[in-house]
Amino acid sequence: MQRLTIVVGSTNPVKVAAVSGAFTALFPDYQLDCQGMSVASGVAAQPMSEADTRLGALNRVEACKAVRKADYYVAAEGGVDCFVDGPATFAYVVISDGQQRSVGRSANLPIPQPVWQALQQGEELGPVMDRLFGETNIKHKGGAIGLLTNGRETRQSAYHQALVLAMAPFLHAALYAC
């Protein structure tokens with residue numbers, strides 16, 4: 001059985017599980033060694049723009065590449081921004097095999113105005129959602145997505161889809177060659 005080593009730029013169990021699940025779905029005949037590692041994002045703990053969120057994911061992948069040898073390096077960075085239709089949370093994902101890189105993004109989840117206001121005052125999304133819903137450490141569980149969709153989707157499911165889509169250039173490299 002072939003083996004793939006994947007390093008995830010976070011030890012958050014939701015992110016590691018999303019990466020493991022996405023790669024298991026894409027490579028069912030492979031033995032996966034998927035491990036998270038703590039690396040800096042180089043951005044605020046709560047990224048407040050698309051640009052910072054993307055940069056955080058890129059930085060995490062580069063930090064992983066500098067420390068460990070792997071077949072794939074992966075990062076998922078959640079952030080918030082205010083768009084034309086209002087504030088929302090989303091994530092950027094970055095995947096690298098050391099030669100090429102693919103950047104993907106999840107769908108937007110609209111967030112309530114009081115949550116946005118708390119974020120603008122320097123709070124992080126997870127603790128704000130914990131307080132509103134009487135939860136503890138929701139960012140290591142279903143996240144704001146799980147709470148605001150009544151559990152129909154989760155932070156992990158949003159990352160999973162974004163990761164699978166971002167793998168297309170690796171799965172069909174000849175089609176993406178420029």
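Helix α1 (residues 13-26) and helix α6 (residues 155-166) cross at roughly 45 degrees, and their axes come within 8 Å of each other. That angle makes α1 oblique to α6. Keep in mind that this is a predicted model. Besides that helix pair, there's a second one, α3 with α4, plus strand β1, which pairs with β2 and with β3.

**α1 against α6**

- Two packed helices are described by the angle between their axes and the distance between the axes.
- As for handedness, α1 and α6 make a right-handed crossing.
- On the α1 side, the residues in contact are V14, K15, A17, A18, V19, G21, A22, A25 and L26.
- Their partners in α6 are R155, Q156, Y159, H160, L163 and V164.
- Sorted by class, the α1 and α6 contact comes out at ten nonpolar, three polar and two charged residues.

**α3 against α4**

- Helix α3 (residues 113-120) packs on helix α4 (residues 125-133) with the axes 10 Å apart and an angle of about 135 degrees.
- Why are α3 and α4 called oblique to each other? Angles over 145 degrees would count as roughly antiparallel and 65 to 115 as roughly perpendicular, so about 135 lands in the oblique class.
- Here too, the crossing of α3 and α4 is right-handed.
- V115, A118 and L119 are what α3 brings to the contact, while α4 supplies L125, V128, M129, R131 and L132.
- The class tally for α3 with α4 is seven nonpolar residues, no polar ones and one charged.

**β1 and its partner strands**

- Strand β1 (residues 2-8) runs parallel to strand β2 (residues 30-36), and seven bridges join the two.
- To get from β1 to β2, the chain goes through α1, giving a right-handed β-α-β crossover.
- If you want to find the register in the viewer, T5 sits opposite D33 in β2, and I6 sits opposite C34 in β2.
- β1 also pairs with strand β3 (residues 72-83), again in the parallel sense, over three bridges.
- For the β3 pairing, look at V7, which stands opposite Y73.

**Where the pieces meet**

- Helix α1 turns up twice: it's the helix in the crossover from β1 to β2, and it packs obliquely on α6.

Definitions and conventions:
Residues are numbered from 1 along each chain as its sequence is written. This is a predicted model: local features need pLDDT of at least 70, side-chain atom pairs count only at pLDDT 80 or more; totals for chains, interfaces and linings use all residues. Side-chain values use heavy atoms; hydrogens and water are left out. Axes are lines fitted to C-alpha atoms, for helices over the stretch in contact, and angles run from 0 to 180 degrees between N-to-C directions. Helices (H or I, at least four residues) and strands (E, at least two) are DSSP runs, numbered from the N terminus. Angles under 35 degrees count as roughly parallel, over 145 as roughly antiparallel, 65 to 115 as roughly perpendicular and the rest as oblique. A crossing is left-handed if the near helix is turned anticlockwise from the far one by less than a right angle, and right-handed if clockwise. Contact means heavy atoms within 4.5 Å. Ala, Val, Leu, Ile, Met, Phe, Trp, Tyr, Cys and Pro count as nonpolar, Asp, Glu, Lys and Arg as charged, and the others, Gly among them, as polar. Two strands pair if DSSP finds at least two bridges between them. A crossover is right-handed if, with the strands pointing away from the viewer, the path from the first strand over the helix to the second runs clockwise.
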